[in-house]
Amino acid sequence: MFKLHTKIIDWNGKTLELETGKIARQADAAVVVKMGGTVVLCTVVGNKKQKEGIDFFPLTVNYQEKFYAIGKIPGGFNKRESKPSEHETLVSRLIDRPIRPLFPQGFYNEVQVVCTVLSYDTNYEADILSIIGASAALTISGIPFTEPVAAARVGYIDGKFVLNPTYEETKTISDLDLIVSGTESSVLMVESAAKELSEELMLEAVMFGHKQFQPIIQVIKEFAAEVGKPAWEVSLVDNSEIDTKVKKLAEKELKAAYAETQKQARNEKIYATEDKVIAELVTNQGLDELKVKGAFKNLQKDLVRSNILDNNQRIDGRNSKEIRNIVGEVDFLPKTHGSALFTRGETQAICVTTLGTESSEQMVENLHGLRHDRFMLHYNFPPFSVGEVGRMGAPGRREIGHGKLAFRALSAMLPSKEEFPYAIRVVSEITESNGSSSMATVCGSSMSMMAAGVPLKSSVAGIAMGLIKEGEKFSVLSDIMGDEDYLGDMDFKVAGTAKGITALQMDIKINGINEEIMKIALSQASEGRLHILGKMANAISTSRSELNENAPRITSIKIEKDKIREVIGSGGKVIRDICEKSGAEINIADDGTVKIASNNDAGTQIALNMIKGITTNPEIGDIYDGVVIKLVDFGAIISFFGVREGLLHISELTNERGSNISNFLSLGQAVKVKVISLDHRTGKVKLTLKDKPNFSDDKKSSSQESEESTESGSKREPREPRGEDKREPREPRGEDRREPREPRGEDKREPREPRGESKDRDANFSRRKSGNGHKADQERTSTTEIAKKKKRFF
């Protein structure tokens, strides 16, 4: 039933298996990739007919993870996988970027690649296997695809490069997380995060990965030779005649347009020229509009590229290494925690930093489990930033990818959670865009965090490099503009500090670049990055020592673990009361660490006092601020030391019997009290006033008398002799008129039957005879009668 075909290779001591012919047989090609316990299904389907009205290559790549792959049911209310997660979107881009340049120019048929994780082993990452599987499926599908690609992950541990490190190794001990993909002869895509590594080391890592995946490319070629389908017959239309007509009509005016250095003015001239060409060739001559527009774009590309290669002259008049004008400004927005405005030429970003507590951390659930991200960076690209009208909605793949690149660039410079216990969210709003807005985000975000008081290890800057290559002739461009990105052959972004690289991303639009070009690009990027860091330092060079006044302050204390329950209270009653009264946010860790976040010191102090009042016992003799919360006949209940309560007896206020406590205190009255007694077993506390009233010598409070008697011991003054007793003698009682009791009648009770024999009968008889037993019986009877009387009384 199945025509199963398998290819197995030992890749650096690990077995990689490619399989086809059993699953998804109706797709143009389906390859199952296995390594360890990770299994990925990669499918490819293409339409053999091109849709009308399309002048671009409609390639779609979808990477999806299933929770059953790790034996889990999705958390939350919805138990079904829905929209792609951020990680799935980023991996989809990783697969797309190296395969897109390998389809032939002019091929506009729709193609879809789907990679599904069916089983997941945490020791074998699915992203690398998905790139390999997608390449293998395209190679055997018959769809026009120039040559196979492969990929590898490179780590840097203890001074050595490591091929395909595990997830845990990458996150904990590796100084580098680099993914490189390419063909047999060249590199097509690089994505990396690093901890200030040098340009030389980064280049070495790229070439190490490229060398290590060569055996995989050979296996895919062998696989395709054995099971590959016949190649599609694709007819690419020759538009050379239209190209010639467009060039004749528009070349002169386009050259004049590209001499304009201001983007909006330049675009107006380009659009006017294009309208003129369409009116002549489409309206008057009846040529196909899409083909005419395609020829116009080709002419634009040729003019820009030739001017750079032949004259070292770029669109805005700069040379290949020159950086556009840079202006940086911090504290741009008054009520935010940290803000910066970064402008480079016609690219501008407003970056805003917000600080929060642990409860503000991003909760992420994926195949690795549940985690909390304390650092978040969100990139927004509204249509007005390029002077266009467009849809506003959820972020697309481009926004997610650009934000993640800036995230990687800055992550290595963040302080540890122990050093800075805040959640950090940075939002980059692109307000103008003419190239390299992601690198403007890196610069602006670094400045805004330093302005907010986040103790970054160092300032971070980024720069985008471009490439124009014709045959053996090439030019590497620093700080590329939008048109240079669109019409060029490479988008190479490098971010880092003055010490080294923290992030690197490269996308190639041609069949790849060699080591020489990468070396030049990295060196040129280093010069540009240092220049940008100098411009940023004019606005802010180091992190501020104090947090912004609008940011919350977090105070940490440690309590005993057995006190956590008391601070939280039944159903969270106590902690809610603390938060309500203080206005602070409180988080308690399992180890007893309590973090109090508040925008004002008064709220923090209230929360601290209340928590200490629960977890700490007051000391006898200490004085506390208190509030009267209840009045009773014998005194007042005082709330003090957080949530502690104590009794202030009325005798501490007066010695006059029958006095009303309300004559001395009122509800809500603030008082200063001193602890005079503390029962550690019951927790009951007795209080007195700090400023106690002075009673007369013959009217002292019980506490004063107690203290004086303790101090003087038995040295009390003798009492004065009493005077003559003037009381009247009592009258003699009247005659006792009670009637005498009648004599009891004869006892008519039947005599008891004799008891059975008992071993202790003689002993009991002796005891009763001696009188002891009779006395005990009398005591029991007396006690019983007293109890009955009490019961009747009450």
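## Overall picture

The protein chain has an accessible surface of about 44,400 Å², and carbon and sulfur atoms account for 48% of that surface. The model described here is predicted. Along the protein chain there are 18 helices and 29 strands.

Of the chain's 794 residues, 46% count as buried. Contacts in the protein chain often link distant parts of the sequence: among those between residues at least 6 apart, 69% join residues at least 24 apart.

## Nonpolar cores

In soluble globular proteins, nonpolar side chains tend to be buried together. In this model the largest nonpolar core has 163 residues, and W11 and L176 touch the most other members. Helix 2, which covers residues 126-141, gives the most to this core, with ten residues.

The surroundings of L176 can be listed. Setting aside residues up to four places away in sequence, L176 touches V154, G155, Y156, F161, S192, A193, A194, L197, M202 and A205. There is also a second, separate core of 18 residues, which includes V628, I638, F641 and L648.

## A buried residue in a loop

F57 lies in the loop between strand 4 (38-46) and strand 5 (59-65). Is F57 buried or exposed? F57 counts as buried because its relative accessibility is 14%, and the cut-off for buried is under 20%.

Which residues is F57 in contact with, leaving aside its neighbours within four places in sequence? The contacts of F57 are R100, F103, F107, Y108, N109 and V111. One of these residues, R100, is 43 residues from F57 along the chain, yet the C-alpha atoms of F57 and R100 are separated by 8.8 Å.

## A three-stranded sheet and its helix

Further along the chain, three strands form an open sheet in the order 22-24-23, with antiparallel pairing. Strand 22 (553-558) and strand 23 (585-588) are the edge strands, and each of them pairs on one side only. On average, neighbouring strands of this sheet are turned by 20 degrees against each other, direction ignored.

Strand 23 pairs with strand 24 (residues 593-598) in the antiparallel sense, over four bridges. Across this pairing, I588 stands opposite V594 in strand 24. Helix 15, made up of residues 601-615, packs on the sheet and touches strand 22, strand 23 and strand 24. The direction of helix 15 makes about 150 degrees with that of strand 24.

Methods:
Residues numbered from 1 in each chain as written. Predicted model: local features only at pLDDT ≥ 70, side-chain atom pairs only at ≥ 80, totals over all residues. Heavy atoms only, no water. Pairing = 2+ DSSP bridges. Helix = DSSP H or I, 4+ residues; strand = E, 2+ residues; numbered from the N terminus. Axes fitted to C-alpha atoms, helices over the stretch in contact; angles between N-to-C directions. Contact = heavy atoms within 4.5 Å. Core = buried A, V, L, I, M, F, W, Y, C linked by side-chain atoms within 4.5 Å. Buried < 20%, exposed > 50% of the residue type's maximum accessible area, 1.4 Å probe, protein only. Areas by Shrake-Rupley, 256 points an atom, 1.4 Å probe, with all protein chains shown as cover.
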